[in-house]
Amino acid sequence: MEKSIGLINERIRDGNARVVTAEEMPAVVADLGVEGALTEVDVVTTGTFGAMCSSGAFLNFGHADPPIRMERIWLNDVEAYGGIAAVDAYIGATQPSDTREADYGGAHVIEDFIAGKAVELRATSHGTDCYPRQSITTELMLEDLNQAIMVNPRNAYQRYNAATNSTDRTLYTYMGTLLPHHGNVSYSGAGLLNPLSNDPDFSVIGSGTPLFLGGAPGVVIGEGTQHSPGGGFGTLMVTAELSRMSPEYVRAATMYGYGVTLYMGVGIPIPVINEQVVRNCAVTDDQISVDLVDYGIPSRNRPTVRKVTYADLKSGSVEIDGEEVRASSLSSLRRARQVAAELAEWVTSGKIEVALPTRPINSTKKAHPMHETIRAPRVGDIMDRRVIRIAETEEIRAAAKKLLKGETNHIPVINDEDRLVGIITTYDISKAVVWPGKASVVRDVMTRDVITTTPDEPVDIAARKLEQHNISALPVVDDQRRVIAMLTAIDLGKLFRGKHR
Amino acid sequence: MKLMITFSKKEGRKPIIAQAVKDTGVLINVERAFIDSSEGEALIDVPDDQCTLVRERMKALGASVRVLEHGITLDEDECVDCGACVSVCPREVFSMDAGGKLVVDEERCVICGKCIKACPHRALSLKFE
């Protein structure tokens, strides 16, 4: 049996459409069966509310007198993209303010416009015969703009990998605060309520699909950037007008240590036209699984700790290596439910109708990683192989002499098997002076907790270690923990002389 | 009642907490402390009816004392019930009710501040008396 989109819209217009949310649908299908649910339900509403960094808005400010062709544009000191001529701009959500950094950004500008606040526009230009003006500053409210059209390149992820952290240091990521030693699990997404989890084969969602975006009626443009439905990570590019949005569903946020992002409420009404749609919308949280990924490994291919389902994640704890670890979300299930409920109200009251795609979205493709023509430099490319080592049993005086020669400020300390056991600097030598008699050999004063690197580690990762631990040298060790070189801030300078880029 | 005690440099190594316990006879629970050679900060819990006694004694011993009327404070207008605070809290102050609304049990809070950083919406803060 099939049900036509025309019939569903007729029922919506008559106020007779039967609408349930994606959270209610599994019970409906369990109760009535697939065929029964197809007869009984016309529309299933979905919803999600979470951080959607890849968001922004096109703005048209109208022409000033004398006119200006704006080249660089700031809104409340947040730079907007001006490469689209004259008085158009694109304000991106994650762009930080020039003056307030991560405390304020593009997302806040968007939120301020929607909340009815005035925003300062500042722009410069080199001036042309047709656009003579070189600078402008003015205050604008949303209603002063000709257009303010949100166009989000990548929203409504089908699902998202959960995050944890195996290292001994707290990480501040776009997945929130990740405590050391798998201290917590962070996840995002509404599971069974997520729009694309209810149409994983893109049979009813495509270009032209009506949707709820930030409280406004909008439309799906097509596939989103990084769309990767082949791996279960589809995304959507979506649009709606800022003027019809509500601050309830558009919230600027700052992820500590990461930066500005925008929380968006997105929902799609799914027309129940056939049994396949019914089955897709009956999906439950335990059927949607994601990888729990270790963000402690700073590589694109972060290792997977285990598979988890949204049922596991929503339960509030996940088992890792035999221990229960608290799990919490970054997205709001409560607001996701509000989106689905409000959208259900829109459909029931006839505020929006449903539609089939005017252009389908590819349901099998996979996003691929960046094609890099120049390999990122590795520690091995710039490290200094002339290492001065010292044995842990040598007298402190011997270490002091080596340091005084001025060839190095850091001497790796090795044991009788040549393995790295510590590091000694002038600071450690001073300890021997302050506590005379207590220390006689290198082992007594050396720093034992040595941060190291390896020849194949990317230089960017090693440089971050130097910065994070506030140190100026890293012993480079092989897999036997033998010191084969040193990496210092001076070696990093080699990169800028152009030899290795 | 929770008190935040700050020791400044000039008191040096005087055992202020121990001295205050000895002088007042009030059993103090140290919930969190950060003390190094020059300064320090400690969060202590004292019975409500003996709060003034302990507070005055500590002040006399040279510490500065702030009463924490509240643990962490939630700004309901900013909170979107995301839950970013829930798993970072060492004391399980935060939980979600059946409707997905954030519930704060501020009695349990030891003002560690982890949730303040973790909140993407700047909805959590500390209020001193």
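**Exercise 1.** State how far apart the C-alpha centres of domain 1 of chain B and domain 2 of chain B lie, and describe the interface between the two domains.

*Solution.*
1. The C-alpha centres of the two domains of chain B are 27 Å apart. The model is predicted: local features need pLDDT of at least 70, side-chain atom pairs count only at pLDDT 80 or more, and totals for chains, interfaces and linings use all residues. Residues are numbered from 1 along each chain as its sequence is written, chains are lettered from A and ligands numbered from 1 in the order in which they are written, and side-chain values use heavy atoms, without hydrogens and water.
2. Domain 1 covers 2-68 and domain 2 covers 75-124 of chain B; such bounds come from an automatic or database domain assignment.
3. Six residues of domain 1 of chain B contact five of domain 2 of chain B (heavy atoms within 4.5 Å).
4. Between them, domain 1 and domain 2 of chain B bury about 410 Å², 56% of it on carbon and sulfur atoms (accessible area, 1.4 Å probe, that two parts lose on being put together, summed over both).
5. Lys2(B), Glu31(B) and Arg32(B) supply 72% of the area that domain 1 of chain B buries against domain 2 of chain B.

**Exercise 2.** Determine whether Asn198(A) is buried or exposed, and list its contacts.

*Solution.*
1. Asn198(A) has a relative accessible area of 1%, so Asn198(A) is buried (under 20%; exposed is over 50%, partly exposed in between; 1.4 Å probe, protein chains only).
2. Leaving aside neighbours within four places in sequence, Asn198(A) is in contact with residues including Ala22(A), Thr46(A), Leu192(A) and Cys281(A).
3. A polar atom of the Asn198(A) side chain lies 2.8 Å from the backbone oxygen of Leu192(A).

Definitions and conventions: A polar contact is a pair of N or O atoms within 3.5 Å; within protein, one must be able to donate a hydrogen and the other to accept it, and residues adjacent in sequence count only if both atoms are side-chain atoms.
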